[in-house]
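Please open the model in the viewer and keep the selection tool at hand. The stops below each give a selection to make and then describe what is found there.

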Amino acid sequence: MLQITLFALLSVGLVIQYEVIFPLESYLLPASAASFLYIPHGIKTVMVVLSDYRALLPIFTAHLLAYVIWAVPTPSIALDALVSTLVMFIPLVIWNFNRLAPLLAPLPIADNSKVVLFRIVLAVAFVSSLFNALLHTLLFTNEPIGLLSFRFMVGDLLGTLLVLTLLMLSKKHLVNLINKQVN
């Protein structure tokens, strides 16, 4: 059930990205392979932090489906979806390697405070964004690396900040909703 929920959440984010944000950006800005606000990166980051390796399949399948539906111009749809998935797990593996834990173990969230969750999500978003920018720029575009990588990073980080802000603002409502369903 968790993986279906994660898939649905990311799919909604991808629909918003492809149907609202990309058209708006293409109207206002010069065309580019990267967005200045990439909401799915924020959703993926929160998914990885809260559900660890169980987010692998939902991320991959949602990206693969989105690339097919919107006919994303990429040399390899499967490779692009794989890169979009694996870059999210690099920070998880690095963090766990550093603390001598199993590489795909969940990230340790010491308490439920918003500050701890915010810091962990931003750290994962930043590291995965670096690898995402580098790999997508090198593998899938002919644009100059410097500006495009910067645009990938900005889009990923702004998307993460937006999703994280919405999550933090709706946390009380979500907890109340979950408690009603449990009781």
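Begin with α1 and α2 of this predicted model, which run roughly antiparallel to each other because their axes cross at roughly 165 degrees and angles over 145 degrees count as roughly antiparallel. For the selection, take residues 2-28 for helix α1 and residues 39-51 for helix α2. The two axes come within 8 Å, and the crossing is right-handed.

Now display the side chains where these two helices meet. On the α1 side, select Leu-2, Leu-6, Leu-9, Leu-10, Gly-13, Leu-14, Ile-16, Gln-17 and Ile-21. Their counterparts in α2 are Ile-39, Pro-40, Ile-43, Lys-44, Met-47 and Ser-51. Coloured by class, the contact of α1 with α2 shows 11 nonpolar, 3 polar and 1 charged residues.

Keep α2 on display and add helix α4, residues 77-98. How do α2 and α4 lie relative to each other? They are oblique, since the packing angle is about 45 degrees, and neither the roughly parallel class (under 35 degrees) nor the roughly perpendicular class (65 to 115 degrees) includes that value. The axes of α2 and α4 are 10 Å apart, and α2 passes α4 in a right-handed crossing. To see the contact, select His-41, Lys-44, Thr-45 and Val-48 of α2 together with Ser-84, Met-88, Phe-89 and Leu-92 of α4. By class, this contact of α2 with α4 comprises 4 nonpolar, 3 polar and 1 charged residues.

Next, select His-63, which belongs to helix α3, residues 56-69. Is His-63 buried or exposed? His-63 is buried, because its relative accessible area is 0% and the cut-off for burial is under 20%. Draw a distance from its side chain to that of Lys-44: the two make a polar contact at 3.1 Å. Lys-44 is also listed among the α2 residues that meet α1 and among those that contact α4. Setting aside residues up to four places away in sequence, His-63 touches Leu-10, Leu-14, Tyr-38, Lys-44, Ala-81 and Ser-84. Of these, Leu-10 and Leu-14 take part in the α1 side of the contact with α2, while Ser-84 is one of the α4 residues that contact α2.

From there, move to Asp-52 in the loop between α2 and α3. Asp-52 is buried, as its relative accessible area of 3% falls under the 20% limit. Inspect its backbone as well: phi is near 45 degrees, a positive value in a residue other than glycine. Most residues other than glycine have a negative phi.

The next selection is Leu-162, in helix α6, residues 145-182. Leu-162 is partly exposed, because its relative accessible area is 33%, between the limits of 20% and 50%. Which residues does Leu-162 contact, leaving aside its neighbours within four places in sequence? They are Leu-37 and Ile-39. The C-alpha atoms of Leu-162 and Ile-39 are separated by 7.3 Å, although the two residues lie 123 apart along the chain. Ile-39 also appears among the α2 residues that meet α1.

Finally, clear the selections and view the whole chain. The protein has 6 helices and 0 strands, in the order α-α-α-α-α-α along the sequence. Of its 183 residues, 39% count as buried. Among contacts between residues at least 6 apart in sequence, 67% join residues at least 24 apart.

Note on methods:
Residues are numbered from 1 along each chain as its sequence is written. This is a predicted model: local features need pLDDT of at least 70, side-chain atom pairs count only at pLDDT 80 or more; totals for chains, interfaces and linings use all residues. Side-chain values use heavy atoms; hydrogens and water are left out. Helices (H or I, at least four residues) and strands (E, at least two) are DSSP runs, numbered from the N terminus. Buried means under 20% relative accessible area, exposed over 50%, partly exposed in between (1.4 Å probe, protein chains only). A polar contact is a pair of N or O atoms within 3.5 Å; within protein, one must be able to donate a hydrogen and the other to accept it, and residues adjacent in sequence count only if both atoms are side-chain atoms. Contact means heavy atoms within 4.5 Å. Axes are lines fitted to C-alpha atoms, for helices over the stretch in contact, and angles run from 0 to 180 degrees between N-to-C directions. A crossing is left-handed if the near helix is turned anticlockwise from the far one by less than a right angle, and right-handed if clockwise. Ala, Val, Leu, Ile, Met, Phe, Trp, Tyr, Cys and Pro count as nonpolar, Asp, Glu, Lys and Arg as charged, and the others, Gly among them, as polar.
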